[in-house]
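Reader: I am new to this structure. Please take a close look at the part held by paired cysteines, and then follow the chain outward from there.

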Amino acid sequence: MRKYLSVGLLLLMLGLAACQSRDRRTPALGEVYAGPATLLLRKDIPLQAPVVATARHGDRLEIIQHRRRFMKVRTAGGAEGWTEDHLLLSSQEIADLNVIERRARTLPSQGLASTYEVLNVHTQPNRFSPSFLQIKEGEKVDVVAHVLSPRAPSQPKALLPPKPKKAPSNHKPADAKYQPPPLPPAPPLPSNWLELSRTPPEISQSIAADKAEAKAEAERFTPPDDWSLVRNAQGQSGWVITRRLYMAIPDDVAQYAEGHRITSYFSLGEVRDGDQIKHQWLWTTVGSGDRSYDFDSFRVFIWNVRRHRYETAFIQRNIEGYFPVLRLPVKFSSADYPGFSVCLGNDGGRVRRSYAFMSPIVRFAGQQPCENPDSILLSTQQPAASGQSVSVSRSSQPGSPSLYSRLKTGLGTLAKKLFNR
């Protein structure tokens, strides 16, 4: 009997020891968050390793081991697995993403866009950043901003806290039995050592020219990517490749794009033609190529009730335009009219030009300084709301037109009223 009790006690002690060993966890090296919409954690580093757990975007994870660009993390439920470091977000990146999402909610929409296939939404304007959301085929999203970003791999992230610096040791090595011989004195510096240490100007210029040429060649062969900041119906915001989007303006207007890409569009009102209701449209377009600005022309289309077709009421080309384009009431000749304003580059600066839409005529109503010329996402000043009226000082308008110009304008207006053209 005593023998059986001893064996049972031994088995109980072994079981308790096993439980304690299972509860003993590896200490965490740092804290990160899951970047993609679905993050697969594998048992080992190779892609063929089985999946042991799944994390969702924004889930808190603990780093318990790292090897080169791979991290072993632990979920809140205790599951542990390996993933790549570029799929993880630091606490600072999560905070930046939340700031961009909050500010994107206040930015005016530049038009609805859609896609022909499933489109990944990224946390940053970079191909290698995590994709935390997807736009389904035919789903419409608001375009709110645009940026050019270099096509380059993401830089290594500081996901792990820096190692603490070791305090210098006070240990002094014991004196050797035999002291080494003294060092010989250093040779004296030559009298012209300063001149010898200088790089000749022609060599410095050659090195600078080679660096500039190498940089230009690298930029030429690796063009930047064009990204758009979009906002879905639930208020979530992120970055997508611009060329994967198409603006959802009706085809009977989009056919006049002449090979240019439509970057924004707005309805300036409606007109009835029989049993049909047609919109008056404002759009901005940009030609091919990579440009830091958002559009190089804008145009107003009106529906001609007599000819049953769209016609151009106003157009301006060869400009440098920047978002946001605002649709808002504009004061002109002591009266309020529906209108719009655009931010244009002007002699190194930017001005916001306002236009009154007196269907079917468009009139310049003045200008004022543009908002912060820096990226609007980084600016603390928000643009005026789309329904806010802008009153522009008459002193900001161009000089008084000549008699010939006034007569020409008056006759043109009279002809349009008489012949509906």
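Author: Start with two cysteines. Cysteine 343 is buried, and cysteine 370 is buried too (buried means under 20% relative accessible area, exposed over 50%, partly exposed in between; the probe is 1.4 Å and only protein chains count). This is a predicted model, in which local features need pLDDT of at least 70 and side-chain atom pairs count only at pLDDT 80 or more, while totals for chains, interfaces and linings use all residues. Residues are numbered from 1 along each chain as its sequence is written, and side-chain values use heavy atoms, with hydrogens and water left out.

A search of the whole structure finds 1 disulfide (a pair of cysteine sulfur atoms within 2.5 Å). The disulfide joins cysteine 343 to cysteine 370, with S to S at 1.9 Å. This pair links distant parts of the chain, 27 residues apart. Cysteine 343 belongs to strand β20 (residues 335–346). Cysteine 370 lies in the loop between β22 (361–369) and α6 (403–419). Strand and helix names come from DSSP runs, numbered from the N terminus: helices are H or I with at least four residues, strands are E with at least two.

Now the aromatic rings. A search of the whole structure finds 12 aromatic pairs (rings of Phe, Tyr and Trp, its six-membered ring, with centres within 6.5 Å; planes under 30 degrees apart count as stacked, over 60 as edge-to-face and the rest as tilted). Take tryptophan 303 and tyrosine 310. Their ring centres are 4.9 Å apart and their planes stand at 75 degrees, so the pair is edge-to-face. Tryptophan 303 is buried, and so is tyrosine 310. Tyrosine 355 and phenylalanine 364 make another pair. Here the centres are 5.7 Å apart and the planes are at 65 degrees, so this pair is edge-to-face. Tyrosine 355 counts as buried at 1% relative accessibility. Phenylalanine 364 is buried with a relative accessible area of 17%. Both belong to one aromatic cluster, formed by Phe298, Phe314, Phe340, Tyr355 and Phe364.

Charges sit over some rings. The charged end of lysine 278 sits over the ring of tryptophan 303, 4.9 Å from its centre (NZ of Lys or CZ of Arg must be within 6 Å of the ring centre and within 35 degrees of the ring normal). Arginine 350 lies over the face of tyrosine 322, at 3.5 Å from the ring centre.

Next, a sheet. The 4 strands β15-β16-β17-β18, in that order, form an open sheet with antiparallel pairing (two strands pair if DSSP finds at least two bridges between them). At the edges stand β15 (261–273) and β18 (309–316). Each has a single partner strand, so one side of each is left without a neighbour in the sheet. Neighbouring strands of this sheet are turned by 20 degrees against each other on average, direction ignored (axes are lines fitted to C-alpha atoms, for helices over the stretch in contact, and angles run from 0 to 180 degrees between N-to-C directions). Strand β16 (residues 276–286) and strand β17 (residues 297–304) run antiparallel, joined by 5 bridges. Tryptophan 283 stands opposite arginine 299 in β17.

Go back along the chain to strand β11 (residues 141–149). 7 of its 9 residues are buried, so β11 is largely enclosed by the rest of the structure. Strand β8 (residues 112–114) pairs with β11 in the antiparallel sense over 2 bridges. There, leucine 112 stands opposite aspartate 142 in β11. Strand β12 (residues 225–231) also runs antiparallel to β11, and 7 bridges join them. Valine 143 has valine 230 in β12 as its bridge partner.

Leucine 159 follows, in the loop between β11 and α3 (193–197). Leucine 159 counts as buried at 6% relative accessibility. Leucine 159 and serine 91 are 68 residues apart in sequence, yet 8.9 Å apart in space, C-alpha to C-alpha.

Finish with two polar side chains. Histidine 122 has its place in strand β9 (residues 119–122). Histidine 122 is buried, with a relative accessible area of 12%. Its side chain reaches the backbone oxygen of serine 129 at 2.9 Å. Asparagine 232 is found in the loop between β12 and β13 (237–241). Asparagine 232 is buried, with a relative accessible area of 10%. Its side chain reaches the backbone nitrogen of glutamine 236 at 2.8 Å.

Note on methods. Polar contact = N/O pair within 3.5 Å; in protein donor to acceptor, adjacent residues only side chain to side chain.
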